[in-house]
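This report describes selected local features of one protein chain. The sequence and the structure are shown first, and the description follows.

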Amino acid sequence: MHKDKVVVSVNPSREELIRIVDSGLLSEAIITVFARCRVHYDGRAKSELGPGDRVIVIKPDGSFLIHQSKKREPVNWQPPGSRVRLELRENPVLVSIRRKPRETLEVELEEVYMVSLFRAEDYEELALTGSEAEMAELIFERPELIEPGFKPLFREKQIKHGIVDILGRDSSGNLVVLELKRRRAELHAVSQLKRYVEALREEHGNGVRGILVAPSLTSGAKRLLEEEGLEFRKLEPPKRDRKSRGRQTTLV
């Protein structure tokens, strides 16, 4: 069994359940149990969850999750660092204990429909998409990403109707307002940019341009940009890595 990457048993016997759970805990596998169960919690408060069909997930770092058939969040859970064991009572009971603060989660398995273990190998760190602040840093370092001759002057410039992400000038001397969005830009972003441009035109005349900078646009945002005479530049936020916290200054 130790050589198998995945072990699955449908309607397991008590002995088979014990064997797979114990093997999974010893080999630091991901354990999944589909079962009708009761849940008892004792810690900062006390709670009881009556019998029902649930999905139980135990991860090698001690994370313990109980999911019902609806909603994204687990109905009960224990954080990484918790200790898990299987106790043999009248019904098998999965016990998760967190030491500080002391919390105990017990799941009484009344009927087990399936149990599995998965010896997952995953050594990659999540590549986190950069923030709008990192997009601004990138534009100050490489203003040609917006257009040749663009010169960024101010970051987070306070104006009459809010704060402009970047205010600069183009090669013809026009003021340029950049509104940055790290994800797909929607109608709200265009309305925000329009408001900033109109406020600056009140002070400086018509020589003010507005450019929305984002990885992509919704179709509605694209139409509104065109209607308002505003512009768009496609720019992916820099990616950063959990292992290397230094800034990456190249586009993806």
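## Local features of the predicted model

Leu-230 counts as buried, because its relative accessibility is 10% and the cut-off for burial is under 20%. The structure is a predicted model. Leu-230 is placed in the loop between helix H4 (219–228) and strand S14 (231–234). Beyond its neighbours within four places in sequence, Leu-230 is in contact with Val-190, Leu-193, Lys-194, Val-197, Gly-210 and Leu-225. The C-alpha atom of Leu-230 lies 49 Å from that of Asn-76, with the two positions 154 residues apart in sequence.

**The largest pocket and helix H1**

The largest pocket holds about 220 Å³ of space. Helix H1 (14–26) and strand S6 (83–88) are the elements that each give two or more residues to its lining. The residues that line the pocket are Gly-24, Leu-25, Glu-28, Ala-29, Ile-31, Ile-58, Lys-59, Pro-60, Gly-62, Ser-82, Arg-83 and Val-84. Sorted by class, six of the lining residues are nonpolar, three are polar and three are charged.

Helix H1 has 13 residues, which at 1.5 Å a residue should span 18 Å; the C-alpha atoms at its ends are 18 Å apart, so the two values agree. The buried residues of H1 are Leu-17, Ile-18, Ile-20, Val-21, Ser-23 and Gly-24. Residues three or four places apart in an α-helix point the same way, because there are 3.6 residues a turn. The cover over the buried residues of H1 includes strand S1 (6–10), strand S2 (30–42), S6, strand S7 (92–98) and strand S8 (103–118).

Leu-25, which belongs to helix H1, also lines the largest pocket. Leu-25 counts as partly exposed because its relative accessible area is 29%, and the limits of that class are 20% and 50%. Apart from neighbours within four places in sequence, Leu-25 is in contact with Ile-31, Ile-58, Val-84 and Arg-85. Leu-25 and Leu-86 are 61 residues apart along the chain, and their C-alpha atoms are separated by 9.4 Å.

**Strands S6 and S7**

Ser-96, in strand S7, is buried, with a relative accessible area of 0%. Setting aside neighbours within four places in sequence, the contacts of Ser-96 are Phe-64, Gln-78, Ser-82, Arg-83, Val-84, Glu-103, Thr-104 and Leu-105. Among these, Ser-82, Arg-83 and Val-84 also line the largest pocket.

Glu-87 lies in strand S6. Its side chain makes a polar contact of 2.5 Å with the side chain of Arg-89. Not counting residues up to four places away in sequence, Glu-87 touches Pro-92, Val-93 and Val-95.

**Backbone geometry**

A cis peptide bond joins Lys-100 and Pro-101, with omega at about -10 degrees. Pro-101 is placed in the loop between S7 and S8. Just after H1, Glu-28 takes a positive phi of about 55 degrees, and Glu-28 is also one of the residues lining the largest pocket. Two further residues with positive phi are set out below.

| Residue | Phi | Location | Relative accessibility |
|---|---|---|---|
| Asn-11 | near 50 degrees | loop between S1 and H1 | 54%, exposed |
| Glu-156 | about 50 degrees | strand S10 (residues 151–159) | 60%, exposed |

Asn-11 counts as exposed because its relative accessibility is 54% and the cut-off is over 50%. Glu-156, at 60%, therefore also counts as exposed.

Conventions:
Residues are numbered from 1 along each chain as its sequence is written. This is a predicted model: local features need pLDDT of at least 70, side-chain atom pairs count only at pLDDT 80 or more; totals for chains, interfaces and linings use all residues. Side-chain values use heavy atoms; hydrogens and water are left out. On a 1 Å grid over the protein atoms alone, a cavity is a set of points where a 1.4 Å probe fits but cannot get out, and a pocket is an open set with protein on both sides within 12 Å along at least five of seven lines; lining residues have an atom within 4 Å of a point. Grid points are joined across faces, edges and corners, and a volume is the space filled by probe spheres set on the points. Helices (H or I, at least four residues) and strands (E, at least two) are DSSP runs, numbered from the N terminus. Ala, Val, Leu, Ile, Met, Phe, Trp, Tyr, Cys and Pro count as nonpolar, Asp, Glu, Lys and Arg as charged, and the others, Gly among them, as polar. The expected span of a helix is 1.5 Å times one less than its number of residues. Buried means under 20% relative accessible area, exposed over 50%, partly exposed in between (1.4 Å probe, protein chains only). Contact means heavy atoms within 4.5 Å. A polar contact is a pair of N or O atoms within 3.5 Å; within protein, one must be able to donate a hydrogen and the other to accept it, and residues adjacent in sequence count only if both atoms are side-chain atoms.
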